[in-house]
Amino acid sequence: MDPRCKTVDVDKDLVDWRKPLLWQVGHLGEKYDEWVHQPVDRPIRLFHSSIFESLSKTAWYMVCVVWIPVVLYLSWNCYTALGRGNTRLFSTFSAAYSIRIREYWFPLLFLVGMFVWSFLEYLIHRFLFHMRPPASNYYLITLHFLLHGQHHKSPFDDSRLVFPPVPASLVIGFFYVLVQALFPEAFGLSIFTGGLFGYIVYDMMHYYLHYGSPKKGTYLCRLKAYHVKHHFEHQRAGFGITSTFWDHPFQTLIPEETFEKDG
């Protein structure tokens, strides 16, 4: 048992741990927010259905097994497509002043995609994963618990530290369609590919921050301490996972003095 986690008395807790939790938490109402931020060191069952339950879990390495080949395939596809010289920006408005995008643009577009993902990572974590569902809304409480509340309730459940491939494919598919609709095909796809790689880095980093043992004084060690603070002391701040970059301009940085006290 991690000392930062509370002990669950299954006979006195607000939910019945012997049954799936997903359909119970919506009834907690105004007690939900306090309850979900009292972490426990035990696994959570979400669904009655064994099929849905299995789809909500995954081993960390499955993120790499599923998505790294996709990134490699899309990278080669984008590079060769740009190499044909048919991709142009602003051609819809003016063919004379359109910009030809060649294959040597691909690394830059890939990095742009990673940067865009880092911003999405912050926005999703702060405004979706940490939304405050109204106490009277059963469905929003249930949705919050499904998306992220269950992770804060049981932060050491390693089967739910990364996004399972099946639900992830729905979200990734949405962004794929969106990028294809907004940009010329190879141009947008190059940005999307960088974003997809950024997501892989995010999921692997998140797993490492929970289970890794970085060397003291390193960047990863500081980031791990930062994420621990987010889980156990500052749930309304510290939304950066792969970095603290976006916490600075949005003023959600965890105060430095809290780390000094621990030292």
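Select Trp-35 and Phe-145 to begin: both residues are buried, a word used here for a relative accessible area under 20%, while exposed stands for over 50% and partly exposed for what lies in between, with a 1.4 Å probe and protein chains only. Please keep in mind that this is a predicted model, in which local features need pLDDT of at least 70 and side-chain atom pairs count only at pLDDT 80 or more, whereas totals for chains, interfaces and linings use all residues. Residues are numbered from 1 along each chain as its sequence is written, and side-chain values use heavy atoms, with hydrogens and water left out.

**Aromatic rings**

Rings of Phe, Tyr and Trp (for Trp, its six-membered ring) are paired if their centres lie within 6.5 Å, and a pair is called stacked when the planes are under 30 degrees apart, edge-to-face when they are over 60, and tilted for the rest. By this rule there are 28 aromatic pairs. Trp-35 and Phe-145 make one that is tilted, with 5.8 Å from centre to centre and 40° between the planes. This pair links distant parts of the chain, since Trp-35 sits in helix H1 (residues 32-36) and Phe-145 in helix H5 (residues 138-153), 110 residues apart; helices here are DSSP runs of H or I with at least four residues, numbered from the N terminus.

Next, select Trp-246 and Phe-250, which form a tilted aromatic pair at 6.4 Å centre to centre, with 45° between the planes. Which of these two should you expect to find buried, and which partly exposed? Trp-246 is buried, because its relative accessible area is 15%, and Phe-250 counts as partly exposed because its value is 32%. If you add Phe-115, Phe-119, Tyr-122, Phe-239 and Phe-245 to the selection, you will see a cluster that ring pairs link together with Trp-246 and Phe-250.

**Helix H5 again**

Return to helix H5 and select Thr-142, which has its place there. Thr-142 is buried, because its relative accessible area is 9%. Leaving aside neighbours within four places in sequence, Thr-142 is in contact (heavy atoms within 4.5 Å) with Leu-22, Trp-23, Val-25 and Gly-26.

**The nonpolar cores**

In soluble globular proteins, nonpolar side chains tend to be buried together. A nonpolar core is taken here as a set of buried Ala, Val, Leu, Ile, Met, Phe, Trp, Tyr and Cys residues joined through side-chain atoms within 4.5 Å. The largest one has 33 residues, and you can select those with the most contacts inside it, which are Val-63, Trp-67, Ile-172, Phe-192, Leu-196, Tyr-199 and Ile-200. Two or more residues of this core come from each of H3, helix H4 (106-129), helix H6 (165-182) and helix H7 (185-211), and H7 gives the most, with 13 residues. Now centre the view on Ile-200, which touches Val-63, Cys-64, Trp-67, Ile-68 and Val-71, not counting residues up to four places away in sequence. Apart from this core lies another, of 16 residues, including Val-8, Leu-21, Val-25 and Leu-46.

**Around helix H2**

Select Ser-56, which lies in the loop between helix H2 (50-55) and helix H3 (61-83). Ser-56 is buried, because its relative accessible area is 13%. Neighbours within four places in sequence aside, Ser-56 is in contact with Leu-46, Phe-47, Ser-159, Arg-160 and Pro-164.

Then select Ile-51, which lies in helix H2 and is exposed, because its relative accessible area is 60%.

**Salt bridges**

Keep Arg-160 in view and add Asp-157: the two form a salt bridge whose closest N and O atoms are 3.7 Å apart, the term being used for a side-chain nitrogen of Lys or Arg within 4 Å of a carboxyl oxygen of Asp or Glu. Asp-157 and Arg-160 are both buried. How many salt bridges does the structure hold? There are seven, and a network of them links Glu-53, Lys-57, Asp-157 and Arg-160.

Move on to Glu-233 and Lys-229, which form a salt bridge with the closest N and O atoms 3.2 Å apart. Glu-233 is partly exposed because its relative accessibility is 48%, while Lys-229 counts as buried because its value is 5%. Finish with Glu-103 and Arg-102, whose side chains meet in a salt bridge at 3.5 Å, N to O; Arg-102 is partly exposed, because its relative accessibility is 26%.
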